[in-house]
Each structure stands twice: as C-alpha cells, then as structure tokens.
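Q: Can we go through the sheets in this one? I'd like to know how the strands are arranged and what packs on them.

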Amino acid sequence: MRERVIYLIRTYLWTVVVFIIAKIGFMLCCREGHDFSLTDVFQVIAHGLSLDLSTALYFLIIPFLLTIVSVWTDHGDRSRDSMQSMNHGPVPVILRILYVYFGIIALAFALAFVADTSLYPFWGFKLDASCLQYLSTPNEAAASVSTGYLLVRLVILVILAGLVWLGYPKMYFKPVHKGRRLLFTILFSLFIPLIVIGIRGGIDESTTNIGQVYFSQNQFLNHSAVNPVFNFIYSLSHQLSNDNEYQFMEPSECEELLKGVYTTESIGTDSLLNTKRPDIVIILLESCGEQFAQAMPRFQQLKQEGIWFSRCYGNSWRTDRGTVCTLSGYPSFPSLSVMKIPEKSRSLPSIASTLQKEGYQTAFLYGGDINFTNMRSYLIATGWEKLTWKNDFSREEQNTSEWGVRDDITFQTLFNQICAADTTQRFLIGYSTLSSHEPWDVPTKHLDDEVLNAFSYLDDCLGDFIGELKQTPQWQNLLIVLVADHGINYQQVDEQQPLLRNHIPLLMVGGAVKEPRSITTLCNQTDICATLLGQLSLPHDDFRFSRDVLSESYLHPTAVHNYNNAQLLIDSTGYILYDFDASRFTVSKSTDQEQLLRLNKAILQTTTDDLIHR
C-alpha cells in the first residue's frame, strides 16, 4: 500500500513540477518587450499553482486506476531487481501500458509548451483550440517562419518529450497478499472523491477556470500563470454548440439594449459618389493597422483624395475572420472562425451575392492558397464567381514569398483584370494582399525595421497600382475600397492599448468619388457592406449586423473587437475590454462602465445566438 501511494505521489508531483518549469521557460522565451522581476516569477508560479495542481490530477487518473489493478495481479509489477533485467522475462502488461501512456502525455506536454512559447509572440495570447483550425493547411500555417525556425523547435520538442518521459517514476511493486487485496482496493477507492474535488477545484459552485490565476494588471504575468495544457483543453470544450455559452440575460433585455445599435436601413444617406453603379474593387490590406501610417506616405496622400473613415476599428485579429467581417458584414467571435464552419458561412449574406443580383460580375484574387482556413468554400458559397489564386500563377511566381505570390505581381494581375473587364457590365473584384505578414519577406528595402519595411513595400505597390489606374478610362467609374483585414501587435502593443492595436484604415478612392471627405463617425469594418450598399441605394436588410454609418438611422455608433474569449467595445462613453474567462475588465476607460458592459454582453449574446441558429 505504502509504496503504491508513494508512486502515485511522485507521479503527480513530477507532472506539477513539469508545469512549473514550463512557466519559467515560457517567461524566458517570451520575455522580449515584457519586463518582469524575479519576484514576478515567484508570483506567477504561486498564482498558477492551483491550476497546475488541478490539471495534473487529470493525468493521474490512468496511473491511479492501473495501480489499483496491480493490487490484483499475482506477481505485482515485478521487483526492482527483475525490472533491471527485463530481457530475462516478459514485461508486465501494466508496465507496458504505463510506458506508452507516459510517452503520449510527455509528447503532448512538450508539444503544448513549444507551441505556446512559439505562438505567443505572434498571437499575444495562450495556446488554445483555435490553432487546430490551421492544421488542415500546414504549409500555409508555417509560411510565417523559416525552415530553420521549425527545425529548432522540432529538436526542442523531441528533447523535452524525452526529459518529461524519463522523469516519471517506474512501477516497482511487491505482490499484495490475496487476503488484503479487497481491503487495499477499498482504501484506494477512498481517494477518488479527493481526486474529483481536486480536478473540480473545490466544493464551491465555481469550478476550476483560467480566471482563477489572474492576479496582475500586467497581462503577460497573467498569461504566464495560465497552464497551456488546461487552456487548450478548456477552449476545445468551449467550441460552438447548440447552446449559447454567452447567456447573460433574457432575449427581451438584449433587444432593448441593442435598440439603435444595429439598424438595417438607410435613411437620408448623404451621397458621396457621382454614380449609383460604379465598378467596385475591395482590397484587404494584410495586417495593415493604422499604426503603420508612418511607413505608408503614398497611402496618406490618398486620404486627401478620397473618403477617409478616420475612426474605423477591426472586428478581429486574423485574416479569415476579418475577411468575413468585411465581405459579409458579419461579426467575429471570441473563440471560433465562421469561415472554418462551412455549414454556417454559406448562409451568410455578402456584398458579392447582393451585387450579383444587380447584374455585377464578381471575382476574387489572392496570391496564396485559397483553400487556407476554408476560404474557397466561403467565397464560392457567398457569390464570388471567378477565383484567382496561387496555382493560377507560374511556378516561379508562386515561390516569390513564403505565403505565395508577392504583392507587386498580384497588384499587376488586379490591374490587368480591371482593364480587361467587359465595359458593358459592372464588376466587383475582391483582393487580399499577403506580403505584409510574417516573415516580412519583401523584395525591397527602404527602412531598417523589417515590419515597417514590409508596409513601405505594400505602400509602393498600392501607390503604383493607383497611379497606373488613373491613366486608364476605367478610373472614371471606379470605386476602390481600401481596408485592413486586421491590426497586429507591433513593437509589443499590448492589451492595455486596444485602440492603437485595432484601429484600421478605411478609405474609398477612385473616379466614382464625388469629392474628398473625412468621416469621423465611429464604425467597424463590418459596416462596409451596409454603407456601400446605402451609397448604391440598395437595401441591406439581410446584413443584420452591418450599419450604414452615413445614414440618419445610425444613432448609437459603436465598434467591437474580440479575440480569445475577450471583447472590446467602444462607444461615446469610452471603451472597455472585458475578459469573459476571468470575468473581469482588462481595460476600462468609460464614464459608464457597467452600462457598457451590459451592452457588450448583449452584443455577444445576440451575435452568437444568430450564428448558432443559422
């Protein structure tokens, strides 16, 4: 009995120790841009310990059950001496099972730790189930990093898995006398309630959750305290289901709070165009947050020539989400990508399907893999007729950047498509750039900072493209919508600066623009569809969450941004960033914090409920 209990304790403690070492490793590997002291390290370990202790119990269940089984074997699991001479006899079945089991969890732990420390600098939050959405296209998912980067992490993965596996104790039990087997089994069974309570985190109503380890205003320290294995399992279990996990209030209360927030008609809209049926090009500028304005002087000049929406904010943090927000006027969600759920994405409205009904020809251009994140399925289902992507270019062109065909080539392709369009029929072309993305591999160098240099390159591509178009007859009836798909964490812009990170450019230029104008109304990229359709005097009732920001009906300007179970909301009272896992404000700068929180919850509950029932 005693040696079996000691074995289980050693197994459990080793798992906890592994989790603690992983925290320290995470802080050291991701320390760039995050200042912390030795005291902070101890604080992270101390506050994260409760989650580590609970998580470790999950992985003790199999050894615990096999230990009980070992009580009923005639030979136990061999003596220590015989274990050192395995070649002299068969290895017990229980030991074989444990060897395989510990090998699996050692590999899983190592994979979680390596993925967590590798993704955090790019994503800014802990490992969760959203990474699984990119495994179906591993080549595209790995395009942001070099082969050397991946090889180093593969080596580290193997070494870590081996060290974790070697650290687990081996079974060296003596056989239990047959007369004591039942007694020992009963005694071991008494530990089951303790394990359940430990996994649950106590006997109170609140169960083990991520928020319990948050302790600082420094989000990096909070993230460091979160166990990545638990976070992954937790997020995996909170994917979209038929039940809305964001049920905060009665539907009638949601409806009351959202009055005037989401309006679906255009009333007294100010006309900014000199035609009701322009040819339209929508360009999604990869990662092009407004914070990169300094690197894009030609884009700044264009702001003086077109309709500039100075207070537009991105809805999400990834291209697949931002694309849906822009082209379908549909909101993003904290823990899932609608584009990755074909049965939902095909039900969405879109600017393409609406204009297609008005006789527009539609096409979409992307220099990367259009199958990435299920983009092809979404585009085809929502009215984009002709798709041009990486495989339509020469083999040489396909390899001009890590993500595919670089921007100067695809901008030229877009130019050619516009010039070749049938002049007797209006057209809508969508286009996503890709070069302004990690690893920032662009063919020119104007700036020393590799990130700013990538946006300088994008600026040159865009400026040359517009300059050439101005010399063509197509320019006169052309409306070009320029918008970022999302912003990024440049130079460690953190959660305490959500407006800086999520502020994106939205500009309409072209010969179809009546005169330059600056629109200072607060809005989201989801509002592009309704605003554009309002300018064309077309109804947009099916775009439930897109607003015509130039309409007299737009009385409560708001902007929403969400990621990783947190949601930012901005309105005239200020803004809040609320973490739904931790049930706390990450940032709050509003004159009416509680009312803004109620509205934030109402938006999340209503939008999620709409998605569930599609």
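A: Starting with one cross-strand pair: L569 is opposite I576 of strand 13. Keep in mind that this is a predicted model.

Q: Which strands pair there, and over how many bridges?
A: Strand 12 (residues 566-571) pairs with strand 13 (residues 574-579) over six bridges, in the antiparallel sense.

Q: What is the strand order in that sheet?
A: The order is 11-12-13-14, in an open sheet of four strands with antiparallel pairing. Strand 11 (559-563) and strand 14 (584-590) are the edge strands, each pairing on one side only. On average, neighbouring strands are turned by 10° against each other, direction ignored.

Q: Which helix lies across it?
A: Helix 23 (residues 593-612), which lies across strands 11, 12, 13 and 14 and runs at about 120° to strand 12.

Q: Other sheet now. What's the order of the eight strands?
A: They run 5-4-6-1-7-8-2-9, as an open sheet with mixed pairing.

Q: Why do strand 5 and strand 9 each have one side without a neighbour?
A: Strand 5 (386-388) and strand 9 (517-519) are at the edges and each has a single partner strand, so one side of each has no neighbour in the sheet.

Q: How much are neighbouring strands turned there?
A: By 15° on average, again ignoring direction.

Q: And which helices pack on this sheet?
A: Helix 19 (residues 407-420) touches strand 1 (279-285), strand 4 (361-366), strand 5 and strand 6 (427-432), and its direction makes about 180° with that of strand 6. Helix 22 (residues 528-535) touches strand 1, strand 2, strand 7 (478-484) and strand 8, with about 165° between its direction and that of strand 7.

Conventions
Residues are numbered from 1 along each chain as its sequence is written. This is a predicted model: local features need pLDDT of at least 70, side-chain atom pairs count only at pLDDT 80 or more; totals for chains, interfaces and linings use all residues. Side-chain values use heavy atoms; hydrogens and water are left out. Two strands pair if DSSP finds at least two bridges between them. Helices (H or I, at least four residues) and strands (E, at least two) are DSSP runs, numbered from the N terminus. Axes are lines fitted to C-alpha atoms, for helices over the stretch in contact, and angles run from 0 to 180 degrees between N-to-C directions. Contact means heavy atoms within 4.5 Å.
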